[in-house]
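Visitor: Could you take me on a close look at one part of this model, the surroundings of a bound ligand? I would enjoy one connected account.

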Amino acid sequence: MGRFDEVYRAAAADPEGFWAAAAAEIDWTKTWDRVLDDSDPPYYRWFPGGELNTCHNAVDRHVENGRGEQAAIIYDSPVTDTIRSITYAELQDQVARLAGALAARGVAKGDRVIVYMPMVPEAAVAMLACARLGAVHSVVFGGFAANELATRIDDAAPKAILSASCGIEVNRVIEYKPLLDAAIDMAAHKPDACLILQRPQATAALTTGRDEDWEEAVAAAQPHACVPVAATDPLYILYTSGTTGQPKGIVRDNGGHAVALKWTMKNLYNIDPGEVYWSASDVGWVVGHSYIVYGPLLHGATTIFYEGKPVGTPDPGAFWRVISQHKAVSLFTAPTAFRAIRQQDPEGDHIGKYDLGHFRALFLAGERCDPDTLAWAEEKLQVPVIDHWWQTETGWAIAANCLGIELLPVKAGSPTRPMPGWDLKVLDSEGHEVPPGTIGALAGKLPMPPGTFPTLWNAKERYTKSYLANFPGYYETGDAGIIDEEGYVHVMARTDDIINVAGHRLSTGAMEEVLAAHPDVAECAVIGVADSLKGQLPVGFVVLKAGAGDGAVTDEVVQMVRDRIGPVAAFKSAAVVKRLPKTRSGKILRATMRKIADGEDFKTPATIDDPVILDEIRESLAGIGFPKAGGGLK
Ligand code: COA
Ligand code: AMP
């Protein structure tokens, strides 16, 4: 039996023993009563009775153990031409002071704090300061519009908001403060205090009585100690797209999260404490939470905060420059970033300009990794390229190739095998397991391992209904796929209306809600169409109300999605159609529309009420340039 099989079987045979051993790598102020509380299925809790502080484990203990002078964070920002290193000792000081500033403004254990920040190290300081107090942070991605921020403010009801005056995209400065002001105006809940980090690229006007200058507040604050919390207390809420405009507040607890992430740093990513590890994502996403901030810091590694893009800052050699300059031993990013690099540098000429001798592995996740991109990355980098599959809900990989245990043969299109701790099955619609090689719903047998979400914020019923009800005894991932004869997982498609645009998770249902709000729109549909750069792109169809002129409706709905959801939705194509194709029972045939848009062969569904509509859809799509020449991904 190979080493991976041994570890996988050990975790399956004795989950409590396995995770208790992993938990020994974490400092606890009080040991747990039980490793797993399974007394109330389908709800499970890891390490009940245990107490710890996540910030202590990510920062203070490394200073105590002699890593004070080691870089904790390297900030590399081509958009501001800055490179700055922050040691663990400096990080401890900054975090303790910000925690003191928050405490002075009434923030205490259990209170929520929204963090709306660009990719600057202060974003990590903000998250860790909350963790230090036992307060619950909720980071909102900068590319979301004010309306999305307002929804999150109302759901999380934060006592304070930490933000910055601006973020910087390749070609423009994005002022955050007007977005924050608009969101607070829109929201019913009002925070008591906002601390604003002033950046020189755009200074924000502060609202008297509510906003304060971050640096002044921190300079005047007393450092605050770590507050022990229960292992089962929430560390953060991270909102992610559900099937409607109301996002799901994924809850992460303190204990299981620290244990699982620390374990993955060596076993999955093969990183040793003291090494430089780079995840080129954003703190607004789960990858940023787990592998820009918490994972590397819990492990005593050095993490890179990169404020730039794979291309355009300034060229497609940006990633190689960062890896070489900071001696990063591995990189974690989304396949879309590699497609962008390859598009601009097909031969990989920029790679040859840098010394990548120390670079050991590339990890990809966030969307399906198309075999072409995998092969290109393998050939050009000459290191293992590891696709792994996970979700905001799970916090770490469900399936992966554990480089730190045993590198298994890579199969293009597969994120390899279920991770230790995961009992993954493929189920048919009745909830029965299907034979190897057969497509079905990917579902994890409960309990899920530590670090996965125990609930949704203030929405236990939605948690149960969305994830646990369809297949009793299982967590329904929302992904469809197969497990082959060799136990390799292949993730094929979502079973709901979530699409993946440049590695960003978006809901077409939420976009439909925006389109439907246009006064001239009678009916609408949004589908995800294959795109050779971003993986998928949303395309909208609107049916106008009788008497409405079709003048500017398509431009207006494009602008509405940008204003209400945000530029990150990349919603740029919409067509007016006379009717939407439906079944006789009235269900919109989105899958058929998608196939037409992608130029795929399809059978006209037997249940369609009028096949002629499909020709109309084909014509409308042709009018806005679909199917695209060259098509999508193979
Ligand atoms: N704040 C404000 N706006 C933002 C933003 C932020 N933090 N992030 C993105 N946007 C805007 C962009 O400026 C762009 O606006 P535009 O429509 O005016 O051009 C829009 O949102 C879409 O952004 P993006 O998806 O980044 O597309 P892009 O065309 O600018 O870049 C890639 C394409 C492939 C280079 C880029 O998407 C990328 O690097 N993807 C990797 C994603 C990733 O790491 N995902 C995390 C999962 S691991
Ligand atoms: P998010 O919650 O934003 O991380 O998005 C999770 C979704 O992205 C998953 O449910 C999948 O649909 C998709 N996804 C993430 N990683 C992979 C992968 N390696 N292969 C295929 N799909 C993936």
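**Around ligand 2 and beyond**

Guide: Let's start at threonine 392, where a polar side-chain atom lies 2.5 Å from an oxygen atom of ligand 2; a polar contact here is a pair of N or O atoms within 3.5 Å, and within protein one must be able to donate a hydrogen and the other to accept it, with residues adjacent in sequence counting only if both atoms are side-chain atoms. The protein covers 93% of the 490 Å² of accessible area that ligand 2 has on its own (Shrake-Rupley method, 1.4 Å probe; for residues, only the protein chains shown count as cover).

Before we go on, please keep in mind that this is a predicted model, in which local features need pLDDT of at least 70 and side-chain atom pairs count only at pLDDT 80 or more, while totals for chains, interfaces and linings use all residues. Residues are numbered from 1 along each chain as its sequence is written, chains are lettered from A and ligands numbered from 1 in the order in which they are written, and side-chain values use heavy atoms, with hydrogens and water left out.

Nitrogen atoms of ligand 2 have partners too: one is 2.8 Å from a polar side-chain atom of aspartate 387, and a polar backbone atom of glycine 366 is 3.1 Å from a nitrogen atom of the ligand. There are 15 residues around ligand 2, and His388, Thr392, Asp479, Arg494 and Arg505 come nearest (near means a heavy atom within 4 Å). By class, this shell has four nonpolar, five polar and six charged residues (Ala, Val, Leu, Ile, Met, Phe, Trp, Tyr, Cys and Pro count as nonpolar, Asp, Glu, Lys and Arg as charged, and the others, Gly among them, as polar).

Arg505 also leads us to the domains. Arginine 505 forms a salt bridge with glutamate 393, the closest N and O atoms being 2.9 Å apart (a side-chain nitrogen of Lys or Arg within 4 Å of a carboxyl oxygen of Asp or Glu). The domain assignment gives domain 1 (3–308 + 388–481) and domain 2 (502–623), with bounds from an automatic or database domain assignment. One salt bridge is counted between domain 1 and domain 2, and six residue pairs are in polar contact across their interface, both at pLDDT 80 or more. Together the two domains bury about 1100 Å², 48% of it on carbon and sulfur atoms (the accessible area, 1.4 Å probe, that two parts lose on being put together, summed over both).

Ligand 1 rounds off the tour. Both domain 1 and domain 2 give residues to the shell around ligand 1, so this ligand lies between them. A polar side-chain atom of histidine 504 lies 3.3 Å from an oxygen atom of ligand 1, and a backbone N or O atom of valine 568 lies 3.4 Å from an oxygen atom of ligand 1.
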